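This report describes one protein chain, moving between its helices, its aromatic rings, its cysteines and a few residues in loops. It is meant to be read beside the sequence and the structure.

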Amino acid sequence: MSESQVKTEKNSKFAAILSRLRKERGSSQKKAAADLGISQALLSHYEKGIRECGLDFVIKCSRYYGVTTDYLLGISESRYGIDEDYFNRITNENESGISMSTISHGMKILLETALAASESDAMDYLHNYYMLCIYRGALTLAKSGALPVEMFRLDPTIGHELAAAAIALLDARFVFIEDKSRMGADPLNKTDLHTLVEEAEDYIMNMFT
């Protein structure tokens, strides 16, 4: 393949991805163009692959759509720079039979679904929710001696209880967003996220029944 053909192919990938990201967000060309600081006609040319943009515009689009420049250019299939090989390497199961690979892939699907949603509330909710969950997990490790307690300003026991209260408050305030992400998994096809949902519901029912 000649250098000219390679360049054309890269521009074609960028054009297709740029158009898809805008449509996933539910934005018109007019609005996206205004947000990106260019004319609608120029954005149309970029999305059709008629014109080639500069690096500055690629970076601007990367920040606007919340994806990596590698994904925009068609170099990587990961929108957010998540190393696919990392998830593929986590295959071992613990003594309880819980697959870390399933948990990792399920988390990835959930986060990418929220990030692709047209509403920002889902992203904000998941960020705060998982921040608090990870904080609680870190506190548990600190209480077991796996992490230094010096890294926490709050007493581990108090911090854990306050984080639990904050999570409960988030749950009470959260309004379910019905806008289905265009990159969400087909509900007919079972994914790792489906598996985690089933396991969580089984755990809840067994715990309280």
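## Helix α3 and what follows

Helix α3 is followed by G49, a residue whose phi is positive, near 80°. Within α3 itself, L42, L43, S44, Y46 and E47 are buried. These statements, like those below, concern a predicted model.

## The chain as a whole

The chain holds 10 helices and 0 strands, and from the N terminus on its elements accordingly read α-α-α-α-α-α-α-α-α-α. Of the 209 residues in the chain, 30% are buried. The surface that the chain exposes comes to about 13,900 Å², of which carbon and sulfur atoms supply 56%. Among the contacts in the chain with a separation of 6 or more, 55% are accounted for by residues 24 or more positions apart.

## Aromatic rings

How many aromatic pairs does a search of the whole structure find? The search finds 4 of them. In one of these, Y46 and F57 form a tilted pair, with 4.8 Å from centre to centre and 45° between the planes. This pair links distant parts of the chain, since Y46 belongs to helix α3 (residues 40–48) and F57 to helix α4 (residues 55–65), 11 residues apart. Both partners, Y46 and F57, are buried.

Y129 and Y130 make another aromatic pair, and because their ring centres are 5.7 Å apart with the planes at 90°, the pair is edge-to-face. Y129 is partly exposed, with a relative accessible area of 22%, whereas Y130 is buried, with a relative accessible area of 17%.

A charged residue also meets a ring in this model: R25 lies over the face of Y64, at 4.3 Å from the ring centre.

## Helix α4

Which residues of α4 are buried? They are F57, V58, C61, S62, Y64 and Y65. Because these residues cover an arc of only 165° around the axis, they fall on the same side of α4. L55, D56 and R63, on the other side of α4, are exposed. Just after α4 comes G66, which takes a positive phi of about 70°.

Y64, one of the buried residues of α4, is also touched from a loop. S27 is found in the loop between α1 (3–25) and α2 (29–36), and when residues up to four places away in sequence are not counted, S27 touches R22 and Y64. S27 is itself buried, with a relative accessible area of 11%.

## Cysteines

The count of disulfides comes to 0. A disulfide is a covalent bond between the sulfur atoms of two cysteines. Why does C61 not form a bond with the closest cysteine sulfur? The sulfur of C61 is 6.5 Å from that closest cysteine sulfur, in C53, and so it is too far for a bond. C61 is buried, with a relative accessible area of 0%, while C133 is partly exposed, with a relative accessible area of 28%.

## Residues that meet distant parts of the sequence

R79 lies in the loop between α5 (69–72) and α6 (84–89). Although this residue sits in a loop, R79 is buried, with a relative accessible area of 7%. D192, by contrast in setting, lies in helix α10 (residues 192–208), and at 25% relative accessibility D192 counts as partly exposed. Leaving aside neighbours within four places in sequence, D192 is in contact with S101, T102, H105, G106 and I109.

The table sets out, for R79 and for D192, a partner that is distant in sequence, with both separations.

| Residue | Partner | Separation in sequence | C-alpha to C-alpha distance |
|---|---|---|---|
| R79 | E112 | 33 residues | 8.0 Å |
| D192 | M107 | 85 residues | 8.6 Å |

## Summary of the picture

Taken together, the descriptions above join several parts of the chain. Helices α3 and α4 are linked by the pair of Y46 and F57, and α4 has F57, V58, C61, S62, Y64 and Y65 buried with L55, D56 and R63 exposed on the other side. Y64 lies with R25 over its face and is touched by S27.

Methods:
Residues are numbered from 1 along each chain as its sequence is written. This is a predicted model: local features need pLDDT of at least 70, side-chain atom pairs count only at pLDDT 80 or more; totals for chains, interfaces and linings use all residues. Side-chain values use heavy atoms; hydrogens and water are left out. Helices (H or I, at least four residues) and strands (E, at least two) are DSSP runs, numbered from the N terminus. Buried means under 20% relative accessible area, exposed over 50%, partly exposed in between (1.4 Å probe, protein chains only). Contact means heavy atoms within 4.5 Å. Accessible areas come from the Shrake-Rupley method with a 1.4 Å probe; for residues, only the protein chains shown count as cover. Rings of Phe, Tyr and Trp (its six-membered ring) pair if their centres lie within 6.5 Å; planes under 30 degrees apart count as stacked, over 60 as edge-to-face and the rest as tilted. A charge sits over a ring if NZ of Lys or CZ of Arg is within 6 Å of the ring centre and within 35 degrees of the ring normal. The arc is that of the directions from the helix axis to the C-beta atoms. A disulfide is a pair of cysteine sulfur atoms within 2.5 Å.
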